[in-house]
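Good morning, and thank you for joining. Please take a moment to look at the sequence and the model before I begin.

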Amino acid sequence: MHFVIGIIGLILVLALSFLISNDRKKIRYSPLLIMLVLQFLLGFILLRTTVGTTIVSSLADVFDALLRFAGAGVDFVFGGIANKGSFPFFLNVLMPIVFISAIIGILRYIKILPLFMKGIGLALSKINGMGKLESYNGIASAILGQSEVFISVKKELPTFSEQRLTTMSISAMSTVSMSIVGSYMALIQPRYVITALVLNLFGGFIIASIVNPYQLENDELVIEEDKDQTFFQMLGEYILDGFQVAVTVAAMLIGFVALIAMINFIFAKVTGLTFQEILGYVFAPLAFLTGIPWQEAVDAGSLMATKLVTNEFVAMTELAKGNWEFSARTTAIVSVFLVSFANFSSIGIISGAMKGLNEEKGNLVAKHGLKILLSASLVSFLSAIITGLIF
């Protein structure tokens, strides 16, 4: 039964994308079919095969090692603050972002990362039927982050068309930053994080190709190199950037969690139901369409809605508490859905970052903010549905 529901959900997601498309006549269906097949194939490999398990285990071991190395620095600075046996979220989940950001900076400085992103972007452009720059942006967004990725093409920003900018923003919001993937793995199972990264990459291309199709007049891939810096100047910059990200996430979590607690209290007093429970009922049909059984759909819908109105960390933290009686399939579907930047605050993050680079382009992103968010949310639902069909 869940397979039939999943197929219906898949059709509805693609139909909604088609409904809000800017120009249906320009949609190229052959690349869409290829990418959809690739999503199922790669998802099956990662979730259902020994090879996939080995790949995910290896990647999880890498991030686990990075988190242990990061822990050495955290313990040196904050050792003794936490009680023995406790798990302070800020120290154990957010502070490792500083170290992983430094690693990304080193890989970028020695030119390995730009070469990798250009190579993969060029290869993907042969598959997705999109431009080299759009393909690069999909990979770069998953490594650098939804705002930082535009810094790497800031010299080219003035030449971007409104449509090209929209597609790149959809890709950026559909992914996550590699610097915080380790933090996600501390909250949910690594195999779901890796699966979501792969599915969201192709899902972003699929939804953007339907919602915002266009013909390219110029497909040059010119990526600005980092400004001249010494190694330690670069390292200091990336370490501070990582710390700023960690503190920013912490501040947002404090604010959002506190607001949700207050709103839950008010709603419980007035209606007898918490705000999250009400959102759960609203999102339950959507959760059901991903293949989640109806008896679990309300709780799953609550987490999905929490992610949309706050951010993925808040929802992942709720899921990690283990207060949910979810089946393994439901846990997989919800976990994959949560791994993306598709939430309301991301509209401000992307448009704000863009305005800092180019005022005109920042205003264009803000203008299409809701459509970008809707598209990125459809990517999350597409990835969740495919997970449900495979699992």
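Let me begin with helix α7, residues 132–144, in what is a predicted model. At 1.5 Å a residue, the 13 residues of α7 should span 18 Å, and the end C-alpha atoms are 17 Å apart, so expectation and model agree.

How many of the residues of α7 are buried? The count is 12 of 13, and the helix is thus mostly covered. The buried stretch includes Leu133, Glu134, Ser135 and Tyr136, and it also includes Ile139, Ile143 and Leu144. Which helices do these buried residues pack against? Their partners are α5 (96–109), α6 (112–128), α8 and α10 (190–211). Directly following α7 comes Gly145, with a positive phi near 115 degrees.

Two of those partners, α5 and α6, are joined by a loop that contains Lys111. Lys111 is not a glycine, and yet its phi is positive, at about 70 degrees. Is Lys111 buried or partly exposed? Its relative accessibility is 45%, and partly exposed covers values from 20% to 50%, so Lys111 counts as partly exposed.

I turn next to another partner of α7, helix α8, and its packing with helix α18. Helix α8 covers residues 162–174 and helix α18 covers residues 369–390; their axes lie 9 Å apart, at an angle of about 45 degrees. That angle makes α8 oblique to α18. The crossing of the two is right-handed. On the α8 side, the contact is made by Thr166, Ser169, Ile170, Met173 and Ser174. On the α18 side, Ile372, Leu373, Ser375, Ala376 and Val379 take part. Sorted by class, this contact holds 6 nonpolar and 4 polar residues, with no charged residues.

Helix α18 also packs with helix α15, residues 328–338. Here the angle is about 155 degrees and the axes are 8 Å apart. Why is α15 described as roughly antiparallel to α18? The reason is that angles over 145 degrees count as roughly antiparallel, and this one is about 155 degrees. The crossing of α15 and α18 is right-handed. From α15, the residues Arg329, Ala332, Ile333, Val336 and Phe337 meet Ser380, Phe381, Ser383, Ala384, Thr387 and Gly388 of α18. By class, this contact has 6 nonpolar, 4 polar and 1 charged residues.

One general remark may help in reading such lists. An α-helix has 3.6 residues a turn, so residues three or four places apart point the same way.

Note on methods:
Residues numbered from 1 in each chain as written. Predicted model: local features only at pLDDT ≥ 70, side-chain atom pairs only at ≥ 80, totals over all residues. Heavy atoms only, no water. Axes fitted to C-alpha atoms, helices over the stretch in contact; angles between N-to-C directions. Helix = DSSP H or I, 4+ residues; strand = E, 2+ residues; numbered from the N terminus. Parallel < 35°, antiparallel > 145°, perpendicular 65-115°, else oblique. Left-handed = near helix turned anticlockwise from the far one by under 90°. Contact = heavy atoms within 4.5 Å. Nonpolar A, V, L, I, M, F, W, Y, C, P; charged D, E, K, R; others polar. Expected span 1.5 Å × (residues − 1). Buried < 20%, exposed > 50% of the residue type's maximum accessible area, 1.4 Å probe, protein only.
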